[in-house]
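Subject: Structure handover

Hello,

Here is the structure I promised to pass on. Please open it first, then read my notes below.

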Amino acid sequence: MMTQKSILLLGCGYVGEFLGCHLLKEGWQVFATTRSSSSQPHLKELGFDPVLFSRPEPLDTITHVLSSIPPSQEEDEGLSFLIKQKKVPSWVGYLSSTSVYGDHHGDWVDENSETRGETPEGLGRLKSEDAWKKWAERQECSLLIYRLSGIYGPFRNVLQRVKEGKDDPKTRVPTHVFSRIHVDDICTFLVKSLSLSSKFSLFNGADDRPASFEDVRGYAYSLLGQEVPLKKEKEKEKEKEKEEEEEEQVRSSFSFLKENKRVSNQKMKEFIGEDLKFPTFREGLKDIFEKGLF
Ligand SMILES: NC(=O)c1ccc[n+]([C@@H]2O[C@H](COP(=O)([O-])OP(=O)(O)OC[C@H]3O[C@@H](n4cnc5c(N)ncnc54)[C@H](OP(=O)(O)O)[C@@H]3O)[C@@H](O)[C@H]2O)c1
């Protein structure tokens, strides 16, 4: 008799829920941690087995573990949780972030690029990646580190922000590009990666086309059949006079604007062996718009 494969989702948020639902359909048993007992009924409704993060029971049947827990200042809490478990799974994945690369002045970065992360986010991620690597080496289990760029998808996207009146024109810096990836493409990659048996694998997660907020917002407003809200006349004049100064101020107010880079997805695409379902934000947003997922 084939034993049922089981995965523990350490932290089950946006990506965790998507992946878990997909794996349930493929016959996996899905355990998912939460810090809040009030989230347990929701996880149960999805068909997951909820695990209270503060009171873990031994999870001896688990073969795979994926951590979505962001680093905290002291430690990687996902890793600490796993260390307390007696059984070592055969496969472990850690969802990291492309913030580890830091600022590359708009150049392309791949998995071999220098990690220049200087923001607390970037530094925390590097520390966590290192801790996961050392632990996996000691335990001799297979570790995947997946460095994600901006995650979007149903109900987490610019159309949603516009609808909720949360579109923030302050973050407009036309020369600043970001990479992003649709949650469906993240799941496709992760599902395939669950059979990876190499000791250590590192992949970036991004789509084909890094783009500025301006471009993405512009496209979102065009889908909605609305004009992109213009800045007020006074603001426009000021902008002309002090464009560079203002950009600098904006950059220093938002840590994600301190880093400008384009994230290569070549290795990820070669591994998947096919094109992304949503190669750029245009296909992704169009699909979300047409299905009303905002
Ligand atoms: N959003 C982006 O654009 C982006 C970009 C790059 C990388 N990432 C990273 O990729 C990962 C997956 O993203 P996501 O959007 O799916 O994340 P998410 O929705 O924030 O889910 C993470 C889950 O982890 C749990 N968690 C958070 N802090 C914790 C802690 N200190 N101890 C225990 N559990 C904790 C939370 O669940 P409970 O509250 O139920 O415990 C939360 O739902 C995250 O690490 C995220 O930071 C995100």
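How many nonpolar, polar and charged residues does the shell around the ligand have? It has nine nonpolar, ten polar and two charged residues. Please keep in mind that this is a predicted model.

**The ligand shell**

There are 21 residues around the ligand. Gly11, Gly13, Val15, Thr34 and Arg35 come nearest. Three elements give two or more residues to this shell: H1, strand E5 (91–97) and strand E8 (150–152). The most comes from H1, which gives three residues.

**The protein overall**

The protein has 294 residues, and 34% of them count as buried. Its secondary structure comes to eleven helices and 13 strands. Take the contacts with a separation of 6 or more: 75% of them are between residues 24 or more positions apart.

**H1 against H6**

H1 turns up again in a helix pair. Helix H1 covers residues 14–25, and helix H6 covers residues 183–193. Their axes come within 10 Å and cross at roughly 55 degrees. Angles from 35 up to 65 degrees fall outside the parallel and perpendicular classes, so H1 and H6 are oblique to each other. Their crossing is right-handed.

Which residues make the contact? On the H1 side they are Tyr14, Val15, Phe18, Leu19 and His22. On the H6 side they are Val183, Ile186, Cys187, Leu190 and Val191. By class, this contact has nine nonpolar residues, one polar and no charged. Val15 is worth a look: it is listed in this contact, and it is also one of the residues that come nearest the ligand.

**H7 against H11**

The second pair is helix H7 (residues 213–223) and helix H11 (residues 281–291). Here, too, the axes come within 10 Å, and they cross at roughly 30 degrees. Angles under 35 degrees count as roughly parallel, so that is the class of H7 and H11. The crossing of H7 and H11 is right-handed.

H7 brings Val216, Tyr219, Ala220 and Leu223 to the contact. H11 brings Phe281, Arg282, Leu285, Lys286 and Phe289. The classes are seven nonpolar, no polar and two charged residues.

**Two residues to look at**

Start with Ser142, in strand E7 (residues 142–148). Is Ser142 buried or exposed? Ser142 has 21 other C-beta atoms within 10 Å. The cut-off for buried is 20 or more, so Ser142 is buried. Leaving out residues up to four places away in sequence, Ser142 touches Ser90, Trp91, Val92, Leu196, Ser197, Ser198 and Lys199. One of these, Ser197, is 55 residues away along the chain. Yet the C-alpha atoms of Ser142 and Ser197 are separated by 5.9 Å.

Then go to Val177, in strand E9 (residues 177–178). Val177 has 18 C-beta neighbours inside 10 Å. That count lies between the limits of 12 and 20, so Val177 counts as partly exposed. With the same sequence neighbours left out, Val177 touches Gly106, Pro210, Ala211, Ser212, Asn260 and Arg262. Val177 and Pro210 are 33 residues apart in sequence. In space they are 5.9 Å apart, C-alpha to C-alpha.

Over to you.

Best wishes

Terms used
Residues numbered from 1 in each chain as written. Predicted model: local features only at pLDDT ≥ 70, side-chain atom pairs only at ≥ 80, totals over all residues. Axes fitted to C-alpha atoms, helices over the stretch in contact; angles between N-to-C directions. Helix = DSSP H or I, 4+ residues; strand = E, 2+ residues; numbered from the N terminus. Parallel < 35°, antiparallel > 145°, perpendicular 65-115°, else oblique. Left-handed = near helix turned anticlockwise from the far one by under 90°. Contact = placed C-beta atoms within 7 Å. Nonpolar A, V, L, I, M, F, W, Y, C, P; charged D, E, K, R; others polar. Near = placed C-beta within 6 Å.
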